[in-house]
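Please load the model in a viewer and keep the selection panel at hand. The tour proceeds from the overall fold to the interior, then to the surface and its charged pairs.

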Amino acid sequence: MASLLHFLFIFFISFLLISPTISLKCSSQIFSNNTHFANCTDLPFLKSSLHWTYNSKNSRLSIAFIAPLPSSNGWIAWGINPTTPSMIGTHSLIAFKESNGSIVVKTYNLTSYKTIVESKKLWFTVLDSKAESSNGVLKILATLVLPANLTSLNQVWQVGPGVKDGIPVVHKFDADNLNSKGILDLAISSGDRKKNATAPTPAPAPAAANNTGGQNGKETGGSSKIWEDDFSFYVFLLFLGVWLL
């Protein structure tokens, strides 16, 4: 009996520790006000995901970018680079908590690795934007108007450790941070949640620590892979508990 209780305790604690990551699988995510999107994809880096609906008739793109915060004072960002899938030149939406506790979404034109300045002049028009926070996970929801006749775009996403004096602090330069970019296929069939619409970008030569590096394309869905690994772990614990009884 003691062995059974010990096993159940370990199983419960493991589930609590891992379940926030599992919930990042895009097909299981929900939004307030019964908001729905035509497509979603589990992005291959930073345990993040993207939901979107694109209307080619009016060039409107509605998105929800979701990522776990690296710290309670952290930030998340999603943006579009008009010319190339890299951070420099990206027109970005960044969400974070201000000193008064409110969560805001601000826009930036990223022109440097060292400094960041808020900008309203972007390659796209932001019709509306907001952020939602729950259990250490932050969501950016926005509706954008893009230039006409697009079939794909260069997307860049990121997370950072903190905000100082209202300015997002520089993110880490780990592999996941450097590779968090790709090509979003706007022509994907509506509702096709099984297809990962983030195509890998060509991988350049190994980058130095202060460069962005290229996406290697070896992973096709970050949180999907995590779910598979976690499920195997739970099955292992279950069989271990049965064997101990």
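Begin with a cartoon of the whole protein, whose secondary structure comes to three helices and 13 strands; helices (H or I, at least four residues) and strands (E, at least two) are DSSP runs, numbered from the N terminus. This is a predicted model, in which local features need pLDDT of at least 70 and side-chain atom pairs count only at pLDDT 80 or more, while totals for chains, interfaces and linings use all residues. Residues are numbered from 1 along each chain as its sequence is written, and side-chain values use heavy atoms, with hydrogens and water left out.

Next, colour by burial. Of the 245 residues in the protein, 44% are buried, where buried means under 20% relative accessible area, exposed over 50%, and partly exposed in between (1.4 Å probe, protein chains only). The protein exposes about 13100 Å², and carbon and sulfur atoms supply 59% of it; accessible areas come from the Shrake-Rupley method with a 1.4 Å probe, and for residues only the protein chains shown count as cover. Contacts (heavy atoms within 4.5 Å) complete the overview: among those between residues at least 6 apart in sequence, 58% join residues at least 24 apart.

**The interior**

Select L61, F65, W78 and L146. These residues have the most contacts inside the largest nonpolar core, which has 30 residues. A nonpolar core is a set of buried Ala, Val, Leu, Ile, Met, Phe, Trp, Tyr and Cys residues joined through side-chain atoms within 4.5 Å. Two or more residues of this core come from each of β2 (49-55), β3 (60-68), β4 (75-81), β5 (91-97), β8 (137-145) and β9 (152-160).

Which residues does L61 touch? Leaving aside residues up to four places away in sequence, its contacts include W52, Y54, W78, L144, L146, L153 and L186.

Now show β9 by itself: eight of its nine residues are buried. Add β4, which pairs with β9 in the antiparallel sense over seven bridges; two strands pair if DSSP finds at least two bridges between them. The bridge partner of W78 in β9 is W157. Then add β12 (residues 181-185), paired with β9 in the antiparallel sense over five bridges. Here L153 has L184 of β12 as its bridge partner.

**A surface patch**

Switch to a surface view and select V169, V170 and F173, which make a nonpolar patch of about 210 Å². Patches are made of residues with over 30% relative accessible area and no salt bridge, with like charges joined within 9 Å and nonpolar side chains (Val, Leu, Ile, Met, Phe, Trp, Tyr) within 5 Å. V170 lies in the loop between β11 (167-168) and α2 (175-178), and counts as partly exposed because its relative accessibility is 45%.

**Charged pairs**

Side chains of opposite charge can pair when their charged atoms come close. How many salt bridges does a search of the whole structure find? The search finds three, a salt bridge being a side-chain nitrogen of Lys or Arg within 4 Å of a carboxyl oxygen of Asp or Glu.

- Select K106 and E98: their closest N and O atoms are 3.3 Å apart, and E98 is partly exposed at 26% relative accessible area.
- Select K120 and E118, which meet at 3.7 Å, N to O. K120 is exposed at 70%, whereas E118 is partly exposed at 38%.
- Select E132 and K130, which meet at 3.6 Å, N to O. E132 counts as buried because its relative accessibility is 17%, whereas K130 is partly exposed at 35%.
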